[in-house]
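Please open the model in your viewer and keep the sequence panel beside it. The stops below suggest what to select next and say what is there.

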Amino acid sequence: MSPNNQNLIGTKQVPSLKYKINLTGSEALSIGSSLSERGGDSVLGNELEITTILGCPVNCNYCPQDQLRQTKGKRKNKLDPKDFEKALNNLDIPCGISWTGYSEPCLSKDLPEMASRVRSLGRYQVISTTLNGSRDSIEWVSKNPIWSLIVLHLPDDKNNMKGLYTNDNYLSDIKTTIETYIKRGLTWPLRMMTFGDRFREDVWEIIKYYLDKDVLNYEENIKLSKEVSSRAEGIKEVEGMKIIKDELDQGNMKTSLGFTCNKRKLNQPVLIPDGSLNLCSFDYGFRGIHGNLFERKFSEIRKEWIESIAKDYSIGNLNPCTQCEHYVPIEKDPSIQRENTSTLIKRAMYLGYL
Ligand code: SF4
């Protein structure tokens, strides 16, 4: 291996510490949490992702469901609304709910009941759906414009969503969802996306109809994603698609200030049906499980969690992040400019550079 390759993702070297700095729990928390609270994609900066069912029959080629099947073992498969109520009672911080996680949320027939409960609490919620699963849930999702953001994950022309079930209902569900937002007079919360070069032709015809009528806007409502995340090395290759990791493996991963998650995933753990929280929705291997939200307050779990990972996270040693293209030297993260100086100084001290 040439010296230039020594710091590639997956084989990152841990910087040696010049001085040993003993951090108190709250200092570690301050470093760990500030790494993930500099903003990000979410509206409030904190989201809890919900997995309603472990295992997804849509089985997209870019989703490591095989890995999930092996990982889940005997864990409870289906999120019970009574358990979900316990989780909501323990969610003691401002936090949105994101219905996505490791599988299609509409697989659960209880989605309307659970999402209605979230709504009654005034928490914002977003959903990413393939419109597959329980008939009642799909209809409810498509007819109720309650989502701060609804992403319709739709088929590409290469059949990469190989388990997607489509019939006449499917196409009319897409239309119903679009019409729901048009009637509401607010179409910006609606996104239609596919992974690939093109939408499947019958789906594209529907989208094009609304684009031609100027009730949808290409820039605002449509997204073609020609590359996919490796899901922390859960997927190695997908025909015709670029895996983001391929490109980043070429980079120089040296760092002077440590590592960060450029997806801000530390703000967005995933609840699975048995109440466990996993660090990141890209980790289908459940390598970051910590705490049980049916039993304990979120703030307690999070504090303990961040304290336990802060050091490894900062120095580039946290599993599963070490397998992930989004774990980058802090200098390579453009949002670093927003990080406050005292955090940078603390981090540099922590890593032994000051
Ligand atoms: S696995 Fe990747 S996306 Fe997930 S927290 Fe780690 S660096 Fe971020």
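## A helix with two sides

Begin by selecting helix α5, residues 135-143, in this predicted model; Ser137, Ile138, Val141 and Ser142 are the residues to highlight, since each of them is buried. These four residues lie on the same side of α5 because they cover an arc of only 125 degrees around the axis. An α-helix has 3.6 residues a turn, so residues three or four places apart point the same way. Turning to the other side of α5, you will find Arg135 and Lys143, which are exposed.

Next, add the surroundings of this helix to the selection: the buried residues of α5 pack against α4, β3 and α6, the last of these spanning 168-184.

## From β3 into the sheet

From there, follow strand β3, residues 125-129, to strand β4, residues 149-153, with which it runs parallel and to which it is joined by four bridges. For a single pair to display, choose threonine 129, whose bridge partner in β4 is leucine 152.

Widening the view, select the whole open sheet, in which nine strands follow the order β6-β5-β4-β3-β2-β1-β10-β11-β12 with mixed pairing. At its edges are β6 (222-225) and β12 (289-292), each of which pairs on one side only.

## The nonpolar cores

Which residues of the largest nonpolar core touch the most other members? Within this set of 58 residues, they are Tyr62 and Leu271. The element that gives the most to this core is helix α4, residues 111-120, with four residues. Centre the view on tyrosine 62, and, leaving aside residues up to four places away in sequence, look for its contacts with Asn160, Phe195, Val228, Ile235, Val238 and Met241. Another core, of 18 residues, lies apart from the largest one, and Phe259, Cys280, Tyr313 and Ile330 are among its members.

## Around the ligand

Now select the ligand together with the 14 residues that surround it, of which Cys261, Lys265, Cys280, Cys321 and Cys324 are the closest. Cys280 thus appears at two stops, as a member of the core of 18 residues and as one of the closest residues to the ligand. Coloured by class, the shell shows 10 nonpolar, one polar and three charged residues.

## The whole chain

Finally, zoom out to the full chain, which has 11 helices and 13 strands, and in which 43% of the 354 residues count as buried. Among contacts between residues at least 6 apart in sequence, 79% join residues at least 24 apart.

Notes. Residues are numbered from 1 along each chain as its sequence is written. This is a predicted model: local features need pLDDT of at least 70, side-chain atom pairs count only at pLDDT 80 or more; totals for chains, interfaces and linings use all residues. A residue is near a molecule or strand if its C-beta atom, placed from the backbone, lies within 6 Å of it. Ala, Val, Leu, Ile, Met, Phe, Trp, Tyr, Cys and Pro count as nonpolar, Asp, Glu, Lys and Arg as charged, and the others, Gly among them, as polar. Two strands pair if DSSP finds at least two bridges between them. Helices (H or I, at least four residues) and strands (E, at least two) are DSSP runs, numbered from the N terminus. A nonpolar core is a set of buried Ala, Val, Leu, Ile, Met, Phe, Trp, Tyr and Cys residues joined through C-beta atoms within 7 Å. A residue is buried if 20 or more other C-beta atoms lie within 10 Å of its own, exposed if 12 or fewer, and partly exposed in between; C-beta atoms are placed from the backbone. Two residues are in contact if their C-beta atoms, placed from the backbone, lie within 7 Å. The arc is that of the directions from the helix axis to the C-beta atoms.
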